[in-house]
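Trainee: Hey, got a minute? Could you walk me through a structure?
Mentor: Sure, let's open it up and go piece by piece.

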Amino acid sequence: MPDLIVGSVPRGEDYFGQEALIEKLRSKLSKDNILLEAPRRFGKTGAMYRLLDEPREPFQPLYINVEHIMSPADFMIELVAILLRNNHFSRLINVMWEGTKGFGLFLRNLPSSIDIGKLKVELREKTDVPQEWISYGERIMSLLAQDGPPLLLLIDEFAIMINHIALRDREAVEKLLRWFRAARTAPDTQTRFIIGGSVNLISTLDALGLVDTVNDFSIERLKPFDHETAKQFIEAIFASRKVKIDPEVSDIILELVGT
Ligand SMILES: Nc1ncnc2c1ncn2[C@@H]1O[C@H](COP(=O)(O)OP(=O)(O)O)[C@@H](O)[C@H]1O
Ligand SMILES: [Mg+2]
């Protein structure tokens with residue numbers, strides 16, 4: 001029975017009534033990358049966590065929230081760090097840079113117990129990932145194309161990151177978007193992306209003359225619960241608190257707060 005989650009991410013049985021959405025996303029993923037768009041608090045992060053918590057073959061999902069990121073270099077550090085924290089992907093990366101100096105040496109000296117925050121600091125301070133982010137991005141994407149289970153990368157608040165970077169550096173945002181598009185449309189890629197955004201990515205990019213950099217995404221707009229699902233949710237929440245309610249009560253709640 002679901003518990004009422006207010007504010008944090010609803011997971012497990014607390015994530016209610018979105019089976020059809022999740023199935024739709026999963027079936028789109030066989031062919032497409034997805035832009036998940038809706039205002040704040042519609043359940044975008046919840047949907048991403050469901051795909052993360054219940055991975056389905058063949059994908060190996062990873063989740064990053066990029067709301068705080070202000071530069072392409074920091075985006076790449078976030079990506080490299082999350083891949084290095086995953087057993088399978090870190091093995092691939094280690095093999096690729098095996099025996100090399102520079103980044104290879106950095107990887108060999110990395111304590112296996114390092115936490116992700118420290119890892120990001122080390123990547124920023126002790127490697128050339130910040131300066132050479134495009135070339136790391138290209139090598140990693142081609143690495144992911146070659147071997148093992150395909151990565152499903154869930155990138156939350158992508159639109160906010162793009163806004164942040166665009167405000168500081170138009171050229172940087174264009175470089176990042178063009179690299180990202182090339183990564184998605186590479187003929188041999190098996191990686192899939194779902195990007196989430198509460199601000200309108202398309203209109204932001206339109207103003208910058210960069211809409212063509214995202215025109216390959218399949219757009220999925222999250223809607224509020226339909227009436228019936230909203231009603232079932234209210235009933236399930238009261239039941240989980242062992243409170244009996246008359247059917248009129250859930251009607252009145254719906255009237256007052258909407259679906
Ligand atoms: N499917 C759902 N089941 C239960 N609660 C939900 C669901 N979707 C959204 N919520 C509620 O909305 C809040 C915001 O959800 P979240 O996934 O963080 O939205 P977004 O990422 O779109 O801002 C959650 O804390 C929860 O209260
Ligand atoms: Mg969110």
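Trainee: I clicked on Leu-35 to start. Which residue does Leu-35 stand opposite in β4?
Mentor: That would be Ile-195. Keep in mind that this is a predicted model.

Trainee: OK. Over how many bridges do β1 and β4 pair, and in what sense?
Mentor: Strand β1, residues 34-37, pairs with β4 over four bridges, in the parallel sense.

Trainee: And is β4 buried or exposed?
Mentor: Buried: six of its six residues are, so β4 is largely enclosed by the rest of the structure. Arg-192, Ile-194 and Gly-196 point one way, while Phe-193, Ile-195 and Gly-197 point the other way.

Trainee: What else does β4 pair with?
Mentor: Strand β3. Four bridges join β3 to β4, which covers residues 192-197, and the two run parallel. One place to look is Leu-154, whose bridge partner in β4 is Ile-194.

Trainee: How many of the residues of β3 are buried?
Mentor: Six of six, so to speak: β3 spans residues 151-156 and is mostly covered. Leu-151, Leu-153 and Ile-155 point one way from β3, and Leu-152, Leu-154 and Asp-156 the other.

Trainee: Which strand do six bridges join to β3?
Mentor: That's β2, residues 60-65, and again the strands run parallel. In that pairing Leu-62 stands opposite Leu-153.

Trainee: Back to Ile-194 for a sec. What is Ile-194 in contact with, leaving aside its neighbours within four places in sequence?
Mentor: Leu-25, Ile-34, Leu-36, Met-48 and Leu-154. Ile-194 also belongs to the largest nonpolar core, which has 51 residues. Along with Met-76, Val-80, Phe-158, Met-161 and Ile-162, Ile-194 is among those that touch the most other members.

Trainee: Why would nonpolar side chains be buried together?
Mentor: It's a general tendency of soluble globular proteins.

Trainee: New topic: Ile-134. Where is Ile-134 placed?
Mentor: In helix α7, residues 133-146.

Trainee: Why does Ile-134 count as partly exposed?
Mentor: Because Ile-134 has 16 other C-beta atoms within 10 Å, and partly exposed falls between the buried cut-off of 20 or more and the exposed one of 12 or fewer.

Trainee: What does Ile-134 touch, not counting residues up to four places away in sequence?
Mentor: Lys-175 and Trp-179. You can also check Phe-180: 46 residues separate Ile-134 and Phe-180 along the chain, and their C-alpha atoms are 9.5 Å apart.

Trainee: There's a ligand too. How many residues surround ligand 1?
Mentor: 20 residues, and the closest are Phe-16, Gly-43, Lys-44, Thr-45 and Gly-46. The shell divides into eight nonpolar, eight polar and four charged residues.

Trainee: Zooming out, how many helices and strands are there in the protein chain?
Mentor: Twelve helices and five strands. The C-alpha trace spans about 70 × 45 × 30 Å along its principal axes.

Trainee: And what share of the residues of the protein chain count as buried?
Mentor: 29% of the 259 residues. As for contacts between residues at least 6 apart in sequence, 78% join residues at least 24 apart.

Notes
Residues are numbered from 1 along each chain as its sequence is written. Chains are lettered from A and ligands numbered from 1 in the order in which they are written. This is a predicted model: local features need pLDDT of at least 70, side-chain atom pairs count only at pLDDT 80 or more; totals for chains, interfaces and linings use all residues. A residue is near a molecule or strand if its C-beta atom, placed from the backbone, lies within 6 Å of it. Ala, Val, Leu, Ile, Met, Phe, Trp, Tyr, Cys and Pro count as nonpolar, Asp, Glu, Lys and Arg as charged, and the others, Gly among them, as polar. Two residues are in contact if their C-beta atoms, placed from the backbone, lie within 7 Å. A nonpolar core is a set of buried Ala, Val, Leu, Ile, Met, Phe, Trp, Tyr and Cys residues joined through C-beta atoms within 7 Å. Two strands pair if DSSP finds at least two bridges between them.
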